[in-house]
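The following questions and answers concern the structure shown below. Each answer sets out its reasoning before it gives the result.

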Amino acid sequence: MAKNSPNEGKSIKMVEKLVDPSFSNLKEYQAKRQFSETPEPMADTVKTPSRIPVFVVQKHEASHFHFDFRLEVDGVLKSWVVPKGPSMNPKDKRLAIQVEDHPLSYAHFEGVIPEGNYGAGTVEIWDSGTYAYVGNNRNISAAIKNGILEFKLHGHKLKGLFTLIHTNMDDQDRDWLLIKKDDVFAVTHVYDAKNIPLYDEVFL
């Protein structure tokens, strides 16, 4: 059986007053990186293109192994650190810690961040694709601000409906839960993202 996060047994409570979800202009991303030393892309902002928005999940072998879950919103990648990785089992409530926005070009980034740099370690794309916002709020930015985000992923590994719920489990207002909705793509078995290969054989 997969172990739950220490926080996952606590009651979930929606937070009405939340931290500004935008981190708007990538200043935090830029301030944390020395671009003369890291191969990561520069912090460039772009207008939201007229196409279906993308998502990416990156496997990050840093000092603490984790997955980075990113959704394209308003010209940047809204980003969450997911220690155990996403799950296709609706019973799993994966802790997702919101971090600084990343540039859209980061959706294609793979490589080694050198020692001594923020996030040092190997980054590999674990899954990617497009997604559709399906929530009841006016738009996705309002949904993030209100603390509940519903969307449908069209990836190679992650498919179907998911929810991100902001909680009051930490004192910095950055803890969310990433939960798979019970739909035709959901699984009932133990789902450990660490044991799932980077590329599905069916897509080779």
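Q: Is Arg-70 buried or exposed?
A: This model is predicted. The relative accessible area of Arg-70 is 3%. Buried means under 20% relative accessible area, so Arg-70 is classed as buried.

Q: With which residue does the side chain of Arg-70 meet in a salt bridge?
A: Side chains of opposite charge can pair when their charged atoms come close. The N to O distance for Arg-70 and its partner is 3.4 Å. The partner has a relative accessible area of 4% and is buried. That residue is Asp-68.

Q: Which residue forms a salt bridge with Lys-32, the closest N and O atoms being 3.3 Å apart?
A: Lys-32 is partly exposed, at a relative accessible area of 31%. Its partner also counts as partly exposed, at 26% relative accessibility. The partner in this salt bridge is Glu-28.

Q: Are Asp-92 and Arg-94 buried or exposed?
A: The side chains of Asp-92 and Arg-94 meet in a salt bridge, at 3.7 Å from N to O. Both residues fall in one class, which is buried.

Q: Which residues do salt bridges that share partners join into one network?
A: The structure holds 9 salt bridges. Some of them share partners and thereby link residues into one network. Its members are Glu-28, Lys-32, Arg-33, Glu-40, Glu-100 and Arg-174.

Q: How many strands does the chain have?
A: From the N terminus on, the elements run α-β-β-β-β-β-β-α-β-β-β. The chain has 2 helices, and its strands number 9.

Methods
Residues numbered from 1 in each chain as written. Predicted model: local features only at pLDDT ≥ 70, side-chain atom pairs only at ≥ 80, totals over all residues. Heavy atoms only, no water. Helix = DSSP H or I, 4+ residues; strand = E, 2+ residues; numbered from the N terminus. Salt bridge = Lys/Arg side-chain N within 4 Å of Asp/Glu carboxyl O. Buried < 20%, exposed > 50% of the residue type's maximum accessible area, 1.4 Å probe, protein only.
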